[in-house]
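This report describes a protein chain together with its ligand. Please consult the sequence and the structure shown here before reading on.

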Amino acid sequence: MTSKIKTRVTEILGVEHPIIMGTMGQQSNAEFVAAAANAGVFACLASVMSRTSQELRDEIKKTKSLTDKPFGVNVNLFPMLSPVDPAEYTDATIEEGVPVIETSGRSPEHLNTWSSASRKPTSR
Ligand SMILES: Cc1cc2nc3c(=O)[nH]c(=O)nc-3n(C[C@H](O)[C@H](O)[C@H](O)COP(=O)(O)O)c2cc1C
């Protein structure tokens, strides 16, 4: 079924439906995100599920193998939840060609990555 609802969300994110799946640590893995993407909604991988940036790269590659639709990566900035520098996750995400990074936990403004990435941060 093709959605007739066109909004800035569908336009900016390139999805069929104006729906953004809430990222869930412990749930938002490659299979989950690809299923959402294939259903025409936007979803993000949860970085908190990857213990290293290499694990995140692997999860991104796996997601790409399951869908050709757009998806993003949610980078958790809570220091207690993330033993790795979050910039490693944002660098990995950008280098793997994922077009959207969503952050949570605190303001992303301290991440130097943004200035070199020519991308607009969205935080929640
Ligand atoms: C089990 C669970 C895990 C979540 N993990 C994350 C997370 O890793 N990153 C994040 O930004 N939000 C996380 N959230 C928040 C959700 O993405 C969402 O913002 C929240 O559930 C409110 O959504 P709602 O307004 O649709 O109810 C989590 C929520 C739940 C229930």
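Lys62 is part of helix H3, which spans residues 53–66; helices (H or I, at least four residues) and strands (E, at least two) are DSSP runs numbered from the N terminus. The model is a predicted one, in which local features need pLDDT of at least 70, side-chain atom pairs count only at pLDDT 80 or more, and totals for chains, interfaces and linings use all residues. Residue numbers start from 1 along each chain as its sequence is written.

Lys62 counts as partly exposed because it has 15 C-beta neighbours inside 10 Å. A residue is buried with 20 or more other C-beta atoms within 10 Å of its own, exposed with 12 or fewer, and partly exposed in between, the C-beta atoms being placed from the backbone. Between Lys62 and Ala34 the C-alpha to C-alpha distance is 9.0 Å, although 28 residues separate them in sequence.

The protein chain contains five helices and four strands, arranged from the N terminus as α-α-β-α-β-α-β-α-β. Of its 124 residues, 33% are buried. Among contacts with a separation of 6 or more, 56% join residues 24 or more positions apart; a contact requires C-beta atoms, placed from the backbone, within 7 Å.

The largest nonpolar core has 24 residues, of which Val33, Ala37, Ala43, Cys44, Leu45, Phe71 and Val73 touch the most other members. Such a core is a set of buried Ala, Val, Leu, Ile, Met, Phe, Trp, Tyr and Cys residues joined through C-beta atoms within 7 Å. The elements below each supply at least two residues of this core, and H2 gives the most, with five residues.

| Element | Residues |
|---|---|
| Helix H2 | 30–38 |
| Strand E1 | 44–46 |
| Helix H3 | 53–66 |
| Strand E2 | 72–76 |
| Helix H4 | 86–95 |
| Strand E3 | 100–104 |

Beyond its neighbours within four places in sequence, Ala37 is in contact with Ala43, Thr67, Lys69, Pro70 and Phe71.

In helix H4, the buried residues are Pro86, Tyr89, Thr90, Ala92 and Thr93. Viewed down the H4 axis, these buried residues fall within an arc of 160 degrees and so line one face of the helix; the arc is that of the directions from the helix axis to the C-beta atoms. Gly97, just after H4, has a positive phi of about 80 degrees.

Ten residues surround the ligand, and Gly22, Thr23, Met24, Gly25 and Ser104 come nearest; a residue belongs here if its C-beta atom, placed from the backbone, lies within 6 Å of the molecule.

How values were computed. Contact = placed C-beta atoms within 7 Å.
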